[in-house]
Amino acid sequence: MMLNLQPRDHTDAVVPTFAAAGAVFILLATVMATANAQQPTARMAVVSPGAMQPAAMAPQPIQAPTDAALESVGTGDLLRINVFRNPDLATEARVTEQGTIAFPLIGDVTVKGLTAQQVGNKIADKLRSGKFVVNPEVTVSLAQVNSRQVSVLGNVNKPGRYPIDAVNSRLTDFLAAAGGVAGTGSDSVTVVTQRDGQSAKTDVDLDQMFRNGNLSANIQLQPGDTIFVHRAQVVYVYGEVQKAGAYRLEPHMTVMQAIAMGGGLTVRGTERGVRIHRRDGSGQVRKMDVALTDPVQTDDVVFVRESLF
């Protein structure tokens, strides 16, 4: 038997294989092209820079005015200025009527209307341009604010003038700075404001404001405004009570409650025949016998008589 040892020709097998692969490749390419053609045009708009421009250019809402004006330097303010590594240039300067301060080496510097940081930058520029200090680092702080103040008067624990800034600008802020309403003070507060050269008066009931939770009456103040806390309405208690004196008149207070504020009756006092001295509309004082449950009014004088037995 003769064996055929010649190598087998595989060309016929390879050619069909490559032909089949090419057909598959062409089919896949056709499918992908068709899928891309069917994609919505919005997909292209997402990645297109031009499509994103309208969103970026959308008009922004108008912002409320900032409080930069409340942080600016004004006439009469005292500035504390330090230059890093130059302690001999440390200065405290008061802003003049012309809005300037005097600083060593560079003379007068206009600072009115600038913030503390802007004043520091301005001084640093002048020191650098005059070749007085190489790379100066200047820090400025307000040691005393006199240009932006609100007056708090009347029945508060610490009446006076208090600086206004971006943090402390409302009615309750200044009442707190003045130590709060004094024991003789009322819940009624009058605020006199200065706007465009015109004065206006606003009455605020603190008790109602907090009781109702409506802080719209918590007025935002401006420099030159004045707060006045009225004296509380009082009732006077004397006679046979433990602590005679004037006491704050609370809403719907009765004769019994007024006597209780006076410490109650002494051992010689009697609940019978309690008398009230009340001034009428004509200014005349009338004496009235009252019961313990009767209401008292502003400036009434409750007199507790001594028991005869």
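In this predicted model, strand 8 (185–195) and helix 6 (206–212) each supply at least two residues of the lining of the largest pocket. This pocket has a volume of about 310 Å³, and 13 residues line it, with Ser186, Asp187, Arg248, Leu249 and Pro251 lying nearest its centre. When the lining of the largest pocket is divided by residue class, six of its residues are charged, four are polar and three are nonpolar.

The second largest pocket holds about 150 Å³ of space. Its lining consists of Tyr236, His277, Arg278, Arg279, Val285, Gln297, Thr298, Asp299, Asp300 and Val301, and these residues comprise four that are charged, three that are polar and three that are nonpolar. Strand 13 makes the greatest contribution to the lining of the second largest pocket, giving three residues.

Strand 13, which spans residues 275–279, also takes part in two strand pairings. With strand 14 (residues 285–289) strand 13 runs antiparallel, and the two are joined by five bridges; within this pairing, Arg275 stands opposite Asp289. Five residues lie between the strands of this hairpin, and Gly283 adopts a positive phi near 95° there. The pairing of strand 13 with strand 15 (residues 301–304) is likewise antiparallel and extends over three bridges, and in strand 15 the bridge partner of Arg275 is Phe303. Arg275 thus has a partner in strand 14, namely Asp289, as well as one in strand 15, namely Phe303.

Attention may now be turned from the pockets and strand pairings to the nonpolar interior. In soluble globular proteins, nonpolar side chains tend to be buried together. The largest nonpolar core in this model contains 19 residues, and those with the most contacts inside it are Leu79, Ile101 and Ile123. Two or more residues of this core come from each of strand 1 (78–83), strand 3 (100–103), helix 4 (116–129) and strand 5 (138–144), and helix 4 gives the most, with four residues. The surroundings of Ile123 can be described in further detail: when its neighbours within four places in sequence are left aside, Ile123 is in contact with Ile81, Ile101, Phe103, Ile106 and Val138. Another core, made up of 18 residues, lies apart from the largest one, and among its members are Tyr162, Leu175, Leu206 and Leu221.

How values were computed. Residues numbered from 1 in each chain as written. Predicted model: local features only at pLDDT ≥ 70, side-chain atom pairs only at ≥ 80, totals over all residues. Heavy atoms only, no water. Pairing = 2+ DSSP bridges. 1 Å grid on protein atoms, 1.4 Å probe; cavity = no way out; pocket = protein on both sides within 12 Å on 5 of 7 lines; lining within 4 Å. Points joined across faces, edges and corners; volume = space filled by probe spheres on them. Nonpolar A, V, L, I, M, F, W, Y, C, P; charged D, E, K, R; others polar. Core = buried A, V, L, I, M, F, W, Y, C linked by side-chain atoms within 4.5 Å. Buried < 20%, exposed > 50% of the residue type's maximum accessible area, 1.4 Å probe, protein only. Contact = heavy atoms within 4.5 Å.
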